[in-house]
Every structure is written in structure tokens, then in C-alpha cells.
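User: I have a chain here and a few quick things to check. Can you walk me through the fold?
Analyst: Sure, put it up.

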Amino acid sequence: MSISTEYAVTIQPLPAADGGGFVAVVRDLPGCMSDGETPQEALTNAQDAIACWIEAAHKVGRSVPEPTPADLFESELRVIT
């Protein structure tokens with residue numbers, strides 16, 4: 001399993017006033033988020049954002065938080081509609 005898939009991602013719909021689509025937020029990585037037209041696209045884009053977040057943290061010497069264990073996020077591992 002790659003490190004990108006170890007982080008829980010919360011996906012929520014965006015209001016039409018904000019352009020619609022979906023936002024994907026990675027709580028374990030402050031400021032790490034992405035969006036997409038569909039929940040799957042938002043999740044795919046979030047995986048790229050996670051990789052970029054980790055790469056940037058390494059470049060500036062910041063530590064990378066460990067993913068919260070999946071069992072603590074069971075209720076979060078779903079699309080919120």
C-alpha cells in the first residue's frame with residue numbers, strides 16, 4: 001500500500017455557488033485538500049495532493065504526521081452527501 005492511500009479522505013459536495021463538484025480533505029495533513037467534478041475525481045486528485053504535501057514537507061525539513069488508524073475514521077470513509 002502506498003503512503004497516499006493510508007490517509008483518510010473526507011469527501012463532501014460543494015455548493016453550486018462555489019462551482020459545484022466535490023471537495024476532498026485530508027485531516028491528518030493540514031491544508032491538504034483537492035476537488036473534482038465527481039467524488040472519485042476528488043479522491044484521485046486528493047491522492048496527488050497527499051503526495052505533493054509529503055514531498056513539500058520533506059523538502060523544507062518538516063515532519064510528516066502518521067495517518068490516523070483507519071478504525072478511528074470508519075464513519076469518515078464515506079462520501080457525505
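User: Which residue in S2 stands opposite Ile-11?
Analyst: Ala-24 does. One caution first: this is a predicted model, where local features need pLDDT of at least 70, side-chain atom pairs count only at pLDDT 80 or more, and totals for chains, interfaces and linings use all residues. Residues are numbered from 1 along each chain as its sequence is written, and side-chain values use heavy atoms, with hydrogens and water left out.

User: OK. How many helices and strands are in the protein chain?
Analyst: There are 1 helix and 3 strands. From the N terminus the order is β-β-β-α. Helices (H or I, at least four residues) and strands (E, at least two) are DSSP runs, numbered from the N terminus.

User: In what order do the strands sit in the sheet?
Analyst: The order is S1-S2-S3, in an open sheet with antiparallel pairing. The edge strands are S1 (10-13) and S3 (33-36), each pairing on one side only. Neighbouring strands are turned by 25 degrees against each other on average, direction ignored. Axes here are lines fitted to C-alpha atoms, for helices over the stretch in contact, and angles run from 0 to 180 degrees between N-to-C directions.

User: How many bridges join S2 to S3?
Analyst: 4 bridges, antiparallel. S1 and S2 (residues 22-25) also pair in the antiparallel sense over 4 bridges. Two strands pair if DSSP finds at least two bridges between them. In S2, Val-23 stands opposite Asp-35 of S3.

User: Which side chains of S3 are buried?
Analyst: Ser-34 and Gly-36 point to one face and are buried. Met-33 and Asp-35 point to the other face and are not. Buried means under 20% relative accessible area, exposed over 50%, partly exposed in between (1.4 Å probe, protein chains only).

User: Why the alternation?
Analyst: In a regular strand the side chains alternate between the two faces of the sheet.

User: Where does helix H1 lie?
Analyst: H1 (residues 39-59) lies across S1, S2 and S3, running at about 150 degrees to S3. Take Ala-46, which is found in H1.

User: Is Ala-46 buried or exposed?
Analyst: Buried, because its relative accessibility is 0%. Leaving aside neighbours within four places in sequence, Ala-46 is in contact (heavy atoms within 4.5 Å) with Val-9, Ala-24 and Ser-34. Ala-24 is the residue opposite Ile-11. Ala-46 and Ala-24 are 22 residues apart in sequence, with 6.1 Å from C-alpha to C-alpha.

User: Switching topic. How many disulfides are there?
Analyst: A search of the whole structure finds 0. A disulfide is a pair of cysteine sulfur atoms within 2.5 Å.

User: Why is Cys-32 not bonded?
Analyst: Because the closest cysteine sulfur, in Cys-52, is 8.6 Å from the sulfur of Cys-32, too far for a bond. Cys-32 also counts as buried, at 3% relative accessibility.

User: And what share of the protein chain is buried?
Analyst: Buried residues make up 33% of the 81 residues. Among contacts with a separation of 6 or more, 38% come from residues 24 or more positions apart.

User: Last one. What is the mean pLDDT of the protein chain?
Analyst: The mean is 86, and 79% of the residues reach 70 or more. Over residues 75-81 the pLDDT is below 50, and beyond near neighbours in sequence this stretch has 13 contacts in the model. pLDDT is the predictor's confidence in each residue, from 0 to 100.
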